[in-house]
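Dear colleague,

Please find below the structure that I am handing over to you, followed by an account of what was found in it. I would be grateful if you could read the account with the coordinates open.

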Amino acid sequence: MSAPVAPAAFPSLRIARDALTPLGPFAEAQAAFLRPDARAVQELDDLLRDRNVGVVAHFYMDPELQGVLSACKWPHIHISDSLVMADRAVDMAKAGVQAICVAGVDFMAENVRAVLDHAGFAAIAVYRLAAGEIGCSLAASAEAPAYAAFLRQAAQTPNSLHVIYINTSLRVKAHAHRLVPTITCTSSNVVRTILQATSQVADLHLWFGPDTYMGENLRHLFTAYAQLPDDRIRALHPAHDQASIRGLLQRFHPFQQGNCIVHQLFGPAVAQAVRERHSDALITAHLEVPGELFALASQAAVEGRGVVGSTSDILGCIVDHVRAALRQPGPTRIPVVLGTEAGLMTSIVLGVQAVLRASGRDDVTVEILFPVAAEAATADADSPLGVIPGASNGEGCSTAGGCATCPYMRMNHLDGLLDALQLVGTPSAALEALRPRMDPHRVAGQTVAQLGSVPILHMRDFQRSGRLSDVLVTEVTGRTPLRMSLEDLASWPMLRA
Ligand code: SF4
């Protein structure tokens, strides 16, 4: 197998207060979507208002759709990470919308549905933007027999807690929680969740999945913590010191076969190119990226010029650096390596320009570097631009660079949203096909949505109080091995695969 080749140059997008300057076809395509057609904006705005429908969209959404959504005046539109999408959907329901359209992948739509149901808004319809399945490679890896085997091992180990990434289906969460006490996490709260859980339960075995790179990155992070003096570790979490972090590492079990196909291509060639050509840049990396880029961004974070974390962490870090630059006199250019899906760029541009406009300064600029091959754009007759961002090989990925676009998110289109809105309020089989695909089975007498929401509620408890709930701790310490009966196990679709 040939060694990975570093791309010759990364495409980039320079963001000034009132202007965008793209370099390379990939960036040009991204930037063009930020100047959406006024008629398309008006049409969508009018339809949303007329049908009284809210839209929640993920940061990684198709840039054309994001561009138009961002230009609409209708107030019930929100673009964020998956957890906040569901919260904002509840806010929209409280404000009186009659339906919510979800621009994301299927587990996000079912999460929105379940959270609305919990909040007492079962009557508010939820629609996806495509009739077919909108999958996710990471969510799928938790549906595989290997994950069931991983959880069986956890179930047979005393004092086990399963920490599952939010990017999974309710079905997996339900079955997993039936087998092992389970709490969900996001890339924003996973470190705090693990530190807190291991401080509340002595000798806790922690099973993390399904993202393997994230699990291994967490192991590296905790290994680095274990080298710190005790007072610095206690500043991270007051109940921990070197000895407790070493104990945590001995009982930390990340799943080894789960990847996001987008982030896994931010591999060694990308890290090498960043190291060689952009060592002065702000280096950002999602927790899902492979170890080389994670290490680079972690080191940069220690030096105050980078971040590893969630999409919201990356966005916040960039905006914070802009604010810091504005506190200084004189022109500043802030180069930023974007170590995540390129769709985040829409929110970055809007966030940076809002701060620059509020300041009145036009001498601070941000240059977003997309770690993909410079020529990564593909001819597409359906696109108004004639091209879409991303190389044609590997579904929007470039083997010469990273993989900055998610093919699943790109199954959501502006046309799909417009079509759905036209149908809202009328009896229609086509509209029914857009409803979230809720698993109709029952697990331990509860619906998949009910039981699958329990790990999410445990996470919300933790976010509210800073502690794992007594109920969850009792489940971890007081349970009998193999909580799931053999009949339950036999009904688990993953095990029949
Ligand atoms: S970027 Fe795409 S493949 Fe990766 S976790 Fe998100 S939805 Fe799944």
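The ligand in this predicted model is surrounded by 13 residues, of which Cys136, Leu138, Cys260, Val262 and Cys406 are the closest. Sorted by class, the shell around the ligand consists of ten nonpolar residues, two polar residues and one charged residue. Where does the ligand lie with respect to domain 1 and domain 2? Residues of the shell come from both domain 1 (12–30 + 261–406) and domain 2 (38–136 + 414–432), so the ligand lies between them.

The six-stranded sheet

An open sheet of six strands follows the order E2-E1-E14-E13-E11-E12, and its pairing is mixed. Strand E2 (20–23) and strand E12 (306–309) form the edges, each pairing on one side only. On average, neighbouring strands of this sheet are turned by 15 degrees against each other, direction ignored.

Within this sheet, strand E14 deserves a closer look. Strand E14 covers residues 364–369, and six of its six residues are buried, so the strand is largely enclosed by the rest of the structure. In a regular strand, side chains alternate between the two faces of the sheet. Both faces of E14 are covered: one side carries Val364, Val366 and Ile368, the other Thr365, Glu367 and Leu369, and all of these are buried.

The partners of E14 are as follows. Strand E1 (residues 12–15) pairs with E14 in the antiparallel sense, over four bridges. In this pairing, Ser12 stands opposite Leu369 of E14, and Leu13 stands opposite Ile368. Strand E13 (residues 332–339) runs parallel to E14 and is joined to it by six bridges. Here Pro335 is found opposite Glu367 of E14. Between E13 and E14 the chain passes through helix H16 (residues 345–359), and this β-α-β crossover is right-handed.

The four-stranded sheet

A further open sheet has four strands in the order E8-E7-E9-E10, with parallel pairing. Why is one side of strand E8 and of strand E10 left without a neighbour in the sheet? Strand E8 (182–185) and strand E10 (252–254) stand at the edges and each has a single partner strand, so one side of each remains without a neighbour in the sheet. From one strand to the next, the twist averages 25 degrees.

Strand E9 (residues 205–209) pairs with E10 in the parallel sense over three bridges, and Leu206 stands opposite Phe252 in E10.

At the other edge, Ile183 has its place in strand E8. Is Ile183 buried or exposed? Ile183 has 26 C-beta neighbours inside 10 Å and therefore counts as buried; the cut-off for a buried residue is 20 or more. Ile183 and Arg460 are separated by 277 residues in sequence, whereas their C-alpha atoms are 9.4 Å apart in space.

Phe150, in helix H7 (residues 145–155), is likewise classed as buried, because 25 other C-beta atoms lie within 10 Å. The C-alpha atoms of Phe150 and Pro254 are separated by 9.3 Å, with the two positions 104 residues apart along the chain.

Strand E5 and its partners

Strand E5 (residues 99–103) is mostly covered, with five of its five residues buried. Both of its faces are covered, with Ala99, Cys101 and Ala103 buried on one side and Ile100 and Val102 buried on the other.

Which strands pair with E5 in the parallel sense? One of them is strand E3 (residues 53–58), which pairs with E5 over five bridges in the parallel sense; Val56 has Val102 of E5 as its bridge partner. Another is strand E6 (residues 125–127), which runs parallel to E5 and is joined to it by three bridges. In that pairing Cys101 stands opposite Tyr127 of E6. The chain reaches E6 from E5 through helix H5 (residues 106–118), and this β-α-β crossover is right-handed.

With kind regards

Key: Residues are numbered from 1 along each chain as its sequence is written. This is a predicted model: local features need pLDDT of at least 70, side-chain atom pairs count only at pLDDT 80 or more; totals for chains, interfaces and linings use all residues. A residue is buried if 20 or more other C-beta atoms lie within 10 Å of its own, exposed if 12 or fewer, and partly exposed in between; C-beta atoms are placed from the backbone. Helices (H or I, at least four residues) and strands (E, at least two) are DSSP runs, numbered from the N terminus. Two strands pair if DSSP finds at least two bridges between them. A crossover is right-handed if, with the strands pointing away from the viewer, the path from the first strand over the helix to the second runs clockwise. A residue is near a molecule or strand if its C-beta atom, placed from the backbone, lies within 6 Å of it. Ala, Val, Leu, Ile, Met, Phe, Trp, Tyr, Cys and Pro count as nonpolar, Asp, Glu, Lys and Arg as charged, and the others, Gly among them, as polar. Domain bounds come from an automatic or database domain assignment. Axes are lines fitted to C-alpha atoms, for helices over the stretch in contact, and angles run from 0 to 180 degrees between N-to-C directions.
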